[in-house]
Amino acid sequence: MTPPGSPLRVSLKAAAILFGVWYVIGLILMATDWIPKDVADRARIWGDVVFLLLAAAVTFLYSAKLCGGRAAVMISAIVLLASAGAELFGAKTGYPFGQYQYTENLGTKLFGLMPLIIPCCWLTIVLNAFWIVYYLFQRHLADPSAKLLMFIASAFVAVLTDFNLEPVASLVKLYWIWFDPGFGYQGIPGLNFFGWWMVTFVILNVVHHFLPEKFEIAETPWIPYALLAAINLLFALINFRSGFLLPVFVALNTFGVLGILLYWNDQKTKN
């Protein structure tokens, strides 16, 4: 644990404040449509990229606070490189997510296939889901079945977040286009969600080996929860305005349940 007032804690607080300010501005502009459409279209790419970069920065700094800078760099590198590899392979071959193609709406693309910002999205979703679920399971991880269940549950939290993001990303903001919907939701193939679960499950099994010895999350992970819940709320609002109600239901219930579990564990620890 880092001491109060340390540069890491100050940096984390600053990054969280910047993210919060950017988030509130986005909510206001989305709700009021103050920006003319032509200006909004020009600002959308860099605005969304900054949003994802700030979320990834908060995630990295929080991870460094939990397990130290060296471990956080290693863990983040694993998530970034593994997700980039999966996305590049997926965009080229259609596996393991389904047939899709990224548009120009998320900025510069690596090898003309994947926007450079996409691994930051994976980092934010995967690591924050992991810290939340790890905290809930950590007292039972000596049991191999509990450890396996922890990986499974972490991957499901990531997938449920993706389920909320997908309609907005592919149908509203047009970050990418699906070509073969298969058996899925709103033209999004079910294979995508299985692919997300599988890749996340594998990544977290690797990440777990790079945690410090006898690693434990001492404080309730409210920052990962608040970050993921805020992102899900934003996309749930866009889904609601666009008439996609199932992701709204899933997001509200998922993070409602997680919030209750975290609060219950927090109170149990204090007592």
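Helices (H or I, at least four residues) and strands (E, at least two) are DSSP runs, numbered from the N terminus. Phe89, for instance, is found in helix 3. The structure is a predicted model, in which local features need pLDDT of at least 70 and side-chain atom pairs count only at pLDDT 80 or more, while totals for chains, interfaces and linings use all residues. Residues are numbered from 1 along each chain as its sequence is written, and side-chain values use heavy atoms, with hydrogens and water left out.

**Salt bridges**

A salt bridge is a side-chain nitrogen of Lys or Arg within 4 Å of a carboxyl oxygen of Asp or Glu. A search of the whole structure finds three of them. The table gives each pair with the distance from N to O.

| Lys | Acidic partner | N to O distance |
|---|---|---|
| Lys173 | Asp48 | 3.7 Å |
| Lys65 | Glu219 | 3.5 Å |
| Lys109 | Glu104 | 3.2 Å |

Lys173 forms a salt bridge with Asp48. This pair links distant parts of the chain, 125 residues apart: Lys173 is in the loop between helix 5 (144–172) and strand 4 (176–178), and Asp48 is in helix 2 (residues 37–67). Both Lys173 and Asp48 are buried, where buried means under 20% relative accessible area, exposed means over 50%, and partly exposed lies in between (1.4 Å probe, protein chains only).

The side chains of Lys65 and Glu219 also meet in a salt bridge. Here too the pair links distant parts of the chain, with Lys65 in helix 2 and Glu219 in the loop between helix 6 (190–207) and helix 7 (222–242), 154 residues apart. Lys65 has a relative accessible area of 8% and is therefore buried, whereas Glu219 counts as partly exposed because its relative accessibility is 42%.

In the pair of Glu104 and Lys109, Glu104 is exposed at 52% relative accessibility. Lys109 is buried, with a relative accessible area of 18%.

**Buried residues in helices 4 and 5**

Thr124 lies in helix 4 (residues 118–137). Its relative accessibility is 4%, so Thr124 counts as buried. The side chain of Thr124 reaches the backbone nitrogen of Ala56 at 3.3 Å. Contact means heavy atoms within 4.5 Å. Leaving aside neighbours within four places in sequence, Thr124 is in contact with several residues, among them Leu52, Ala55, Ala56 and Leu227.

Asn164 has its place in helix 5. Asn164 counts as buried because its relative accessibility is 0%. With neighbours within four places in sequence left aside, the contacts of Asn164 include Asn232, Phe235, Pro247 and Ala251.

**A nonpolar patch on the surface**

Patches are made of residues with over 30% relative accessible area and no salt bridge; like charges are joined within 9 Å, and nonpolar side chains (Val, Leu, Ile, Met, Phe, Trp, Tyr) within 5 Å. Accessible areas come from the Shrake-Rupley method with a 1.4 Å probe, and for residues only the protein chains shown count as cover. One nonpolar patch on the surface is formed by Met74, Phe89, Tyr95, Leu191, Phe194, Met198, Val202, Val206 and Phe210, which together have about 830 Å² of accessible area. Helix 3 (69–93) and helix 6 are the elements that give two or more residues to the patch. The largest share, five residues, comes from helix 6. Phe89 counts as partly exposed because its relative accessibility is 48%.

**The start of helix 8**

Leu245 lies in helix 8 (residues 245–270). Apart from neighbours within four places in sequence, Leu245 is in contact with Tyr185 and Phe240.

Methods. Polar contact = N/O pair within 3.5 Å; in protein donor to acceptor, adjacent residues only side chain to side chain.
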